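Me: Please take a close look at one buried position in this model and at what lies around it. Then work outward to the rest of the chain.

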Amino acid sequence: ETAEPEYSDFSTMVTQLAFSDAFMSSISMILVSEMGDETFIIAAIMAMRHPRAIVFGGAISALTVMTVLSTALGLIVPKLITRKTTNRLASILYTFFGARLVYIGWKSDPNETAEAEFAELEQSLDTNAAPKGRLRRTLARICTPIFLEAFILTFLAEWGDRSQVTTIALAAHMNPIGVTFGAVIGHSMCTGLAVVGGRMMASRISQRTVAFMGGILFFIFAAHSYYSST
């Protein structure tokens, strides 16, 4: 009579540990991937011109939708290939991203910041507004143009981005709920920092340091994923 509750308690503990592991991996991945990234800069630039709350709302809505879609794709992958193969493919993917970031950090100037990328994207936003069309006109009746522009620009910038691909990989071999919550909170933190003081932060944060930190974290993910498959 006491065996069943003990088993239930053990299952609950394992589930909680799986959630915590996925949550922490996801939130840390987002923080090192998105800080100073294109979506970060877009939010920062728009917040200089428009109400911060509306820009934040549009950007985080797009990132939340993208996170849910990415997690859903991650859940489909294990149904097509075995869990062991999924973990090993994820390990290869993390190693590639880690090596790429370390290479970027090694090649970059130690004093280089995101200021140049800020200027480039700012000019791009001036000349290329969010895509126009029937969909935009329809959505404009529901929400404000500023919210809509922040949503569309963020969604397009995030599609195919490193953080989206990594979210898919994490969801394929970790607790998907933990991955989703961690990613959304990580995006909220980065976007919040962007709209409050993004440009000031970008002028102070060394791109080389961010790249090296991100590379090391992805190598840790690669090792964790590989040993999970053995």
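Reply: Gln164 sits in helix H8, which covers residues 162-173. In this predicted model, Gln164 has a relative accessible area of 7%, and because the cut-off for buried is under 20%, it counts as buried. Leaving aside residues up to four places away in sequence, Gln164 touches Met66, Ser70, Glu158 and Trp159.

One of these contacts, Glu158, leads to helix H7, which spans residues 145-158. Glu158 is itself among the buried residues of H7, together with Leu148, Glu149, Ala150, Ile152, Leu153, Thr154 and Ala157. The 14 residues of H7 should span 20 Å at 1.5 Å a residue, and the end C-alpha atoms are 20 Å apart, so the two values agree. After H7 comes Gly160, with a positive phi near 80 degrees.

Leu153 and Ala157 of H7 also belong to a nonpolar core, but that is better described after the largest one. The largest nonpolar core has 18 residues, and those touching the most other members are Met29, Tyr94, Leu170, Met174, Val179, Phe218 and Phe221. Two or more residues of this core come from each of helix H1 (3-34), H4, H8, helix H9 (176-202) and helix H10 (207-228). H8, the helix of Gln164, is thus named among the contributors. Phe221 touches Ser25, Ser28, Met29 and Tyr94, again not counting residues up to four places away in sequence. A second core, separate from this one, holds 16 residues, including Ala44, Ala47, Leu153 and Ala157.

Ala44 and Ala47 lie in H2, where both are buried. The other buried residues listed for H2 are Thr39, Phe40, Ile41, Ile42, Ala43, Ile45 and Met46. Since 9 of its 12 residues are buried, H2 is largely enclosed by the rest of the structure. H2 runs over residues 38-49, and its expected span of 16 Å agrees with the 17 Å between its end C-alpha atoms.

Helix H4 offers another buried polar position, Ser91. Its relative accessible area is 8%, so Ser91 is buried. Ser91 touches Ala222, Ser225 and Tyr226, with residues up to four places away in sequence left out.

H4 also takes part in the surface. Leu73, Ile76, Leu80, Ile81, Leu89 and Ile92 make a nonpolar surface patch of about 570 Å². Helix H3 (52-80) and helix H4 (83-107) are the elements that give two or more residues to this patch, and H3 supplies the largest share, 3 residues. Ile81 lies in the loop between H3 and H4. With a relative accessible area of 30%, Ile81 is partly exposed.

The chain as a whole gives the setting for these details. It has 10 helices and 0 strands, which read along the sequence as α-α-α-α-α-α-α-α-α-α. Of its 230 residues, 43% count as buried. Among contacts with a separation of 6 or more, 92% are between residues 24 or more positions apart. The chain exposes about 12,400 Å², of which carbon and sulfur atoms supply 66%.

Note on methods. Residues are numbered from 1 along each chain as its sequence is written. This is a predicted model: local features need pLDDT of at least 70, side-chain atom pairs count only at pLDDT 80 or more; totals for chains, interfaces and linings use all residues. Side-chain values use heavy atoms; hydrogens and water are left out. Helices (H or I, at least four residues) and strands (E, at least two) are DSSP runs, numbered from the N terminus. The expected span of a helix is 1.5 Å times one less than its number of residues. Buried means under 20% relative accessible area, exposed over 50%, partly exposed in between (1.4 Å probe, protein chains only). Patches are made of residues with over 30% relative accessible area and no salt bridge: like charges are joined within 9 Å, nonpolar side chains (Val, Leu, Ile, Met, Phe, Trp, Tyr) within 5 Å. Accessible areas come from the Shrake-Rupley method with a 1.4 Å probe; for residues, only the protein chains shown count as cover. A salt bridge is a side-chain nitrogen of Lys or Arg within 4 Å of a carboxyl oxygen of Asp or Glu. Contact means heavy atoms within 4.5 Å. A nonpolar core is a set of buried Ala, Val, Leu, Ile, Met, Phe, Trp, Tyr and Cys residues joined through side-chain atoms within 4.5 Å.
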